[in-house]
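Let's take a walk through this protein together. Please have the model open and follow along from stop to stop.

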Amino acid sequence: MNQDKFGSKDDLKLSSAPAQFYRLENLEKQGIGHISSLPFSIKILLEQTLRNLDYFQVNEEDIVALANWQPKQKSDKEIPFKPTRVILQDLTGVPALVDLAALRTSMSRLGGNPGVINPKIPVDLIIDHSIQVDSFGLQNSLQTNMAKEFERNRERYEFLKWGQKNFKNMRIFPPGVGIVHQVNLESLANVVQMRDNICFSDTVVGTDSHTPMVNGLGVLGWGVGGIEAESVMLGQPIYMQIPQVVGFKLTGEMNPGTTATDLVFRIVQILREVGVVEKFVEFYGDGLSGLSLADRATISNMAPEYGATMGFFPTDAETLAYLKETGRSPDIIERVEHYCKAQGLFRTDGMAAPEFSDEIELDLSTIEPSLAGPKRPQDRIGLSNMKQVWESTLTAPIGPQGYELKENELAAQAEITPSGSETPFTLAHGSVVLAAITSCTNTSNPSVMIAAGLLAQKAVEKGLKTKPWVKTSLAPGSRVVTDYLQKSKLDGFLEQLGFFTVGYGCTSCIGNSGPLSEPITKAITDNDLVVASVLSGNRNFEGRVNPLTKANYLASPPLVVAYAIAGTVNTNLLEDPLGTGPDGTPVYLKDIWPDPSEIAAITSLITPDMYLQRYSNFETLSPLWNEIPTKGDEVYEWDESSTYIRNPPFFLNMSKELKPDSDIVDAKVLVKVGDSVTTDHISPAGAIAQNTPAAAYLLDHKITPADFNSYGSRRGNDQVMVRGTFANIRLRNQLAPGTEGGITTYLPTGEQMSIFDASRKYKDSATPLIVLAGKEYGTGSSRDWAAKGTYLLGVKAVIATSYERIHRSNLLGMGVLPLQFKDGSSPESLNLTGKESYSILGLSDGIKPGMALTLKADDQQIPVLLRLDTPVEIEYYRNGGILHTVLRNFIKEAG
């Protein structure tokens with residue numbers, strides 16, 4: 001390495017140890033770049049490039065390009081990003097480890113050393129996505145749900161124990177510790193790291209799209225697909241185009257009665273309208289000083305919802321205060337302060353703003369209480385308008401904000417008499433059947449959690465109760481939440497309204513809400529009711545939260561409690577009473593909404609010791625985990641009878657040599673969809689429904705429906721997952737009009753059948769397949785199985801109007817060709833039915849980044865853009881994917 005050419009390392013004065021760092025200002029002193037005016041996020045990218053200069057993966061021109069970042073120009077220059085660590089959650093972590101185990105198997109088969117397949121940087125895997133809300137509303141719900149979690153997932157957990165033993169640099173947090181991003185924020189992320197006495201900014205990628213939550217702490221990081229994360233763990237950089245950075249200026253102060261949740265809904269709404277896909281968003285302005293670190297984390301958490309790669313907050317005095325409040329050591333806090341100030345990474349009020357690619361401004365005093373939904377997080381609704389908007393939503397055309405009910409369907413309702421009760425109740429459109437305080441978006445923020453507890457206290461004291469048809473749950477993102485709710489005695493009031501703790505992990509927000517009661521399920525399905533969930537999460541796409549709740553609204557935790565009491569979204573909570581007290585007096589939301597001073601008084605009860613105690617002994621928190629034996633050697637012994645863990649077919653027939661580039665000829669369309677199709681629609685997620693190809697597979701393997709578990713829990717089994725790809729119950733495949741779910745038309749015969757069954761028929765005739773899509777294809781979670789499943793179905797290319805960043809990357813990472821219609825064209829505007837015969841021409845002439853290709857649809861010639869944006873992406877595609885590239889490189893090095 002020759003970093004000294006760009007300025008030697010400088011000393012950093014720390015009391016704990018001698019330290020040095022690569023000072024960015026030294027570049028400017030040598031006439032390289034304009035460091036002082038760069039956004040903070042670009043400075044961090046620049047430092048990691050300078051520090052990793054090796055003239056192989058990182059070269060001088062990478063440093064010069066970043067130092068000379070041009071805010072108003074979209075750069076075609078790609079740079080390598082080498083994050084310092086990786087975080088995984090278990091639903092993506094298990095398939096990542098399955099792939100690494102499969103790589104070891106293939107390395108052994110091809111005569112190499114399987115032991116070289118090992119993480120090269122620290123990896124933390126937090127088991128947080130496997131708990132399901134089966135038991136609720138009871139004191140022992142937590143214990144019951146965790147026992148069922150271990151019963152369902154023991155085979156997966158045995159595999160994870162094998163991985164912990166046999167892979168280096170890997171640490172696993174057992175079930176019950178918390179949600180991956182909250183654990184990252186409260187414990188793992190230290191803002192500035194020090195290795196070999198060199199200080200540098202912490203950087204991270206994670207296999208969950210909400211990894212940017214840690215941006216609120218000043219840590220650069222974002223979500224990637226499992227495929228990309230695996231390559232990073234194996235020492236590969238992420239190659240990315242130099243990003244544009246949108247500056248988001250915050251001014252003013254929030255009004256009492258508004259929350260960080262309300263603020264982030266407005267930010268999501270603004271940025272989705274502007275369009276920030278594949279861009280960084282960096283927050284600046286004096287308004288930042290009025291936001292707590294937890295408020296900032298809430299905003300950063302929803303970066304995927306506003307479409308950005310990151311939502312970054314620079315380090316400042318509030319960052320240091322949070323590190324102290326959460327029990328970080330004095331040495332770490334000193335390191336963060338001294339390094340960030342010396343490196344020009346410390347924000348203060350009144351400082352000159354960096355140069356940005358674009359600028360947006362928001363006055364915090366304009367924020368109002370809000371919800372978002374019913375199908376997308378960017379569709380914000382002011383609380384005062386909720387009743388009016390709901391009524392119009394019922395009759396609006398089917399789409400993101402409409403259900404297109406006819407006039408004679410609006411009065412549909414069902415009367416239910418609960419077991420053991422003589423008092424019936426009525427369900428109607430808009431009835432709230434699920435109210436969940438869930439997701440690290442909000443449970444990491446003490447102010448809104450305490451607000452929910454105080455609202456519950458005031459509601460109980462006024463005699464209010466939760467409606468009997470509402471399934472309630474509380475799933476904190478860490479055990480610290482329970483500690484301060486218990487210390488303040490607010491937990492008891494939440495429990496009186498049914499909000500018992502059901503687990504420490506992702507629940508309703510990712511579809512682990514569990515079943516509704518049988519009478520309510522029957523009432524909804526028999527009467528085709530559009531019922532609602534209200535949850536403090538970040539995602540509300542169709543079919544995600546619960547298959548029976550067609551309407552799903554995101555809200556702050558106190559509003560979740562309020563709607564559980566009201567029992568319907570067909571109400572104006574600012575004007576209509578929530579209920580009546582024992583004396584018949586109407587009780588309004590304003591009567592029980594907590595005052596900021598009350599919230600602050602309880603916040604002061606939270607101490608650093610709470611965090612230290614919970615995270616210092618995380619290994620001991622789960623006796624059930626510790627009882628699982630650790631066994632097996634470095635090459636995993638695959639069990640062919642397993643329905644959880646299988647050797648995936650990705651590398652089974654891989655040759656050492658590459659095949660030449662070739663056109664795709666005479667392809668058929670397997671799936672044709674419109675706009676805003678999410679990875680939830682594509683990737684297998686949620687419960688495995690009966691009468692589906694995945695269910696048939698499990699039944700053939702003697703698995704009863706009671707033990708089907710979820711798709712997420714079976715991501716280590718390719719046979720289940722390929723059968724569940726495109727099987728979402730709300731997917732509308734335009735090749736099978738009038739149907740919902742995983743149905744297509746097998747074009748040679750015109751027969752309608754499951755997408756999986758059709759794909760097998762096409763495979764038998766060696767027919768290549770494609771997918772046609774509208775804009776924002778692949779929005780949502782960073783689900784690698786949305787790409788893996790697409791690949792295993794035999795899809796060779798996807799042609800869309802536009803893509804969400806992570807899904808495009810995942811597709812090419814699996815060797816599926818991402819193409820884009822030019823000038824915003826779509827299948828509809830081009831009058832494509834999907835029944836044509838398709839060829840993709842120009843590939844055999846030699847692939848170049850972003851080149852123009854021809855899509856031939858019968859006799860129509862359509863220009864399309866190749867969305868392989870960099871030479872490295874082309875290399876990945878030619879190899880058949882990222883991991884194929886890595887494996888071939890290992891073999892070459894060994895040979």
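Patches are made of residues with over 30% relative accessible area and no salt bridge, with like charges joined within 9 Å and nonpolar side chains (Val, Leu, Ile, Met, Phe, Trp, Tyr) within 5 Å. This is a predicted model, in which local features need pLDDT of at least 70 and side-chain atom pairs count only at pLDDT 80 or more, while totals for chains, interfaces and linings use all residues. Residues are numbered from 1 along each chain as its sequence is written, and side-chain values use heavy atoms, with hydrogens and water left out.

A good place to begin is the negative surface patch formed by D358, E359, E361 and D363. Asp and Glu count as negative here, Lys and Arg as positive, and His and the chain ends are not counted. D358 lies in strand β15, residues 358–363 (helices, H or I, of at least four residues and strands, E, of at least two are DSSP runs, numbered from the N terminus). D358 counts as partly exposed because its relative accessibility is 37%; buried means under 20% relative accessible area, exposed over 50%, and partly exposed in between (1.4 Å probe, protein chains only).

Next, turn to helix α22, residues 608–616, where M610, Y611 and Y615 are buried. Viewed down the axis of α22, the buried residues fall within an arc of 105 degrees, so they line one face of the helix; the arc is that of the directions from the helix axis to the C-beta atoms. Q613 and S616, on the other side of α22, are exposed.

Now for the salt bridges. The whole structure holds 39 of them, each being a side-chain nitrogen of Lys or Arg within 4 Å of a carboxyl oxygen of Asp or Glu. In one, the side chains of R646 and D718 meet at 3.5 Å, N to O. This pair links distant parts of the chain, 72 residues apart: R646 is in the loop between α23 (623–626) and β26, and D718 is in helix α26 (residues 718–724). R646 counts as buried because its relative accessibility is 18%, and D718 counts as buried because its value is 4%.

What does R808 form with E873? The two form a salt bridge, with the closest N and O atoms 3.0 Å apart. It connects helix α29 (residues 805–813), home of R808, to helix α30 (residues 871–879), home of E873, across 65 residues. Both R808 and E873 are buried, and they belong to a network of salt bridges that links E278, R808, R867, D869 and E873.

How values were computed:
Areas by Shrake-Rupley, 256 points an atom, 1.4 Å probe, with all protein chains shown as cover. Charge placed at Lys NZ, Arg CZ, Asp CG, Glu CD.
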